[in-house]
Amino acid sequence: MTSDIPVNPAHDIVDVQTTDCCIVGGGPAGVVLALLLARQGIPVMLLETHKDFDRDFRGDTIHPSVMEIMQELGLSDRLLQLPHTKMHQIRMQTPQETVVMADFSHLKTSYPYITMLPQVKFLEFIIQEAQKYPNFQLVMGANVQELIESDGVIQGVRYRGGGGWHEVRAILTIGADGRHSKLRQLGGFESIETSPPMDVLWFRLPRHPEDPQGGVGRIGQGRIMAMLDRGIEWQIAYVIPKGGYHEIRTSGLPALKDSIVEIAPELSDRIEHLQDWLQIAFLSVESSFVKRWYRQGMLLIGDAAHVMSPVGGVGINYAIQDAVVAANILSKPLKNRHVGLNDLAKVQRQRELPTRIIQAFQTLIQKQIFTPILSSNRIFQPPMLLRLPILRDIPARLIGLGVFPVHVQT
Ligand SMILES: Cc1cc2nc3c(=O)[nH]c(=O)nc-3n(C[C@H](O)[C@H](O)[C@H](O)COP(=O)(O)OP(=O)(O)OC[C@H]3O[C@@H](n4cnc5c(N)ncnc54)[C@H](O)[C@@H]3O)c2cc1C
């Protein structure tokens, strides 16, 4: 709907729209929250800066907890009809042995595995569901750049999109715009950063039908690599010490290729596919959390509220769990057209502890495994503790289900 609320004189505003909940960011957190609110009849507008949902080198993991949420929404069977693979264990392979780091098959769930599904397919699937509700609006190519604020209350956003500047007025604005969140910055939220000891290079190599399925961590002398099964290709994360990218670039592509083959000799027959640095994406690994996730009229969720280290690949399910908790708590206030600070604080209270626990777990793994490997040339010996089956179940639970179960309340 278009209303005649006065426009901001700083820009020529093409139109002013109103909705009840304006969600900025069409990643896992934003699309799932949009669907959950839309199915309750709440007017919701989702703004995504990109023109499509294609994501190069993003997580393709759907964890058991997310599959349970999909089941509660009646979507799990259809989701599993999309081409996917299943990862039952996370294994770590050293030159001497293979150690199981997390075994999902023991989890008490109907989905005791990680579903590997390209993120773009998952996002498109959720959007198609949301589009069944007339109260859902999606604007692609909407780059949000300003908050609308009056007397300290956030009342919506302004974005640049087709035709110029647009304004969206809303009762509640959600920042689900990821690790470099513009809304976090615009809203003046204080973020506390920790510094993981590594950065990551991402690239793809062909996967042969006879290759092992799922994902595996590979450990060589001073090197770590994670190989994720994407059907016809491996998505590979090559972990380097923090700040080490310049040195790797200076050493040259042939040296990097040699190192990859040294860790995973079976890739020698396809390493020639890496011809150019343009095929390799650099990810500066960060981890942070925002002290207070909300202010009047606005809430941050997902990576915007807590950037996750890639250890364990948990960012997607924690972002989606934020969305579910936000929908559970905020649907009623939104229907009553008044969302108070207490409601927003409740979302943070339910989600902060699990997030901080998983971040502490990631820090532990970084210190115990990543730092020793990356800082020495010794062959890594997996800690004895990892060989105890009972302890092996803890990472599987934390990664697969999260700290506390999260369910959709309808
Ligand atoms: C290379 C890489 C690999 C990863 N692998 C895994 C993995 O295997 N498993 C896992 O669980 N997690 C993984 N993660 C982390 C995971 O992708 C994130 O934790 C998760 O996507 C967070 O979801 P989100 O919805 O909060 O944010 P995002 O997925 O980052 O979505 C934010 C959205 O907001 C949009 N946006 C940003 N700014 C604006 C703006 N100003 N206006 C409008 N829209 C905007 C972005 O385009 C994006 O679509 C990986 C991350 C990276 C970078």
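Helix α1 is covered by several neighbours, which include β1, β2, α4 (119–130), β8, β11 (164–175) and α8. In this predicted model, 11 of the 11 residues of α1 are buried, and the helix is mostly covered. Let's start there and then work through the rest of the protein, which has 10 helices and 21 strands.

**Helix α1 and its surroundings**

- Which residues of α1 are buried? They are Pro28, Ala29, Gly30, Val31, Val32, Leu33, Ala34, Leu35, Leu36, Leu37 and Ala38.
- Strand β2 is one of the elements covering α1, and 5 of the 5 residues of β2 are buried, so β2 is largely enclosed by the rest of the structure.
- The side chains of β2 go two ways: Val44, Leu46 and Glu48 point one way, while Met45 and Leu47 point the other way, and all are buried.
- Strand β1 (residues 13–24) runs parallel to β2, and 4 bridges join them. Here you can find Val24 opposite Leu47 of β2.
- β2 also pairs with strand β8 (residues 136–140), again in the parallel sense, over 5 bridges. In this pairing Leu46 stands opposite Leu138 of β8.

**Around the ligand**

- There are 36 residues around the ligand, and those that come nearest are Gly27, Gly59, Gly178, Gly302 and Gly315.
- Four elements are listed as giving two or more residues to this shell: α1 (28–38), β2 (44–48), β9 (143–150) and α8 (315–335).
- Which element gives the most to the shell? That is α8, with 4 residues.
- Sorted by class, the shell has 16 nonpolar, 14 polar and 6 charged residues.

**The sheet of 7 strands**

- An open sheet has its 7 strands in the order β6-β5-β14-β15-β16-β13-β17, with mixed pairing.
- Why do β6 (98–103) and β17 (281–283) each have one side without a neighbour in the sheet? Both stand at the edges with a single partner strand, so one side of each is left free of a neighbour there.
- From one strand to the next, the twist averages 20°.
- At one end of the strand order, β13 (residues 198–206) and β17 run antiparallel and are joined by 3 bridges. Val200 has Leu283 in β17 as its bridge partner.
- Helix α7 (residues 253–263) packs on this sheet, where it touches β14 (215–220), β15 (223–229) and β16 (233–241). The direction of α7 makes about 75° with that of β15.

**The sheet of 3 strands and Ser287**

- Another open sheet has 3 strands in the order β12-β18-β21, with antiparallel pairing.
- Its edge strands are β12 (191–194) and β21 (306–307), each of which pairs on one side only.
- β18 and β21 are joined in the antiparallel sense over 2 bridges, and the bridge partner of Phe289 in β21 is His306.
- Helix α9 (residues 341–374) lies across β12, β18 and β21, and runs at about 160° to β18.
- Where is Ser287? Look for Ser287 in strand β18 (residues 287–290).
- Is Ser287 buried or exposed? Ser287 counts as buried because 20 C-beta neighbours lie inside 10 Å, and 20 or more is what the label "buried" asks for.
- Leaving aside residues up to four places away in sequence, Ser287 touches Thr194, Pro196, Val307, Met308, Ser309, Gln359 and Gln362.
- Ser287 and Leu107 are 180 residues apart along the chain, and their C-alpha atoms are separated by 27 Å.

**Helix α2**

- In helix α2 (residues 64–72), the buried residues are Pro64, Ser65, Val66, Met67, Ile69 and Met70.
- Gly74, found just after α2, takes a positive phi of about 75°.

**The protein as a whole**

- The C-alpha trace spans about 70 × 45 × 40 Å along its principal axes.
- A compact globule of 410 residues would have a radius of gyration near 22 Å, and the protein agrees with this because its value is 22 Å.
- Buried residues make up 44% of the 410 residues.
- Among contacts with a separation of 6 or more, 73% are between residues 24 or more positions apart.

Note on methods. Residues are numbered from 1 along each chain as its sequence is written. This is a predicted model: local features need pLDDT of at least 70, side-chain atom pairs count only at pLDDT 80 or more; totals for chains, interfaces and linings use all residues. The radius of gyration is taken over C-alpha atoms; the globule rule is 2.2 Å times the number of residues to the power 0.38. A residue is buried if 20 or more other C-beta atoms lie within 10 Å of its own, exposed if 12 or fewer, and partly exposed in between; C-beta atoms are placed from the backbone. Two residues are in contact if their C-beta atoms, placed from the backbone, lie within 7 Å. Two strands pair if DSSP finds at least two bridges between them. Axes are lines fitted to C-alpha atoms, for helices over the stretch in contact, and angles run from 0 to 180 degrees between N-to-C directions. A residue is near a molecule or strand if its C-beta atom, placed from the backbone, lies within 6 Å of it. Ala, Val, Leu, Ile, Met, Phe, Trp, Tyr, Cys and Pro count as nonpolar, Asp, Glu, Lys and Arg as charged, and the others, Gly among them, as polar.
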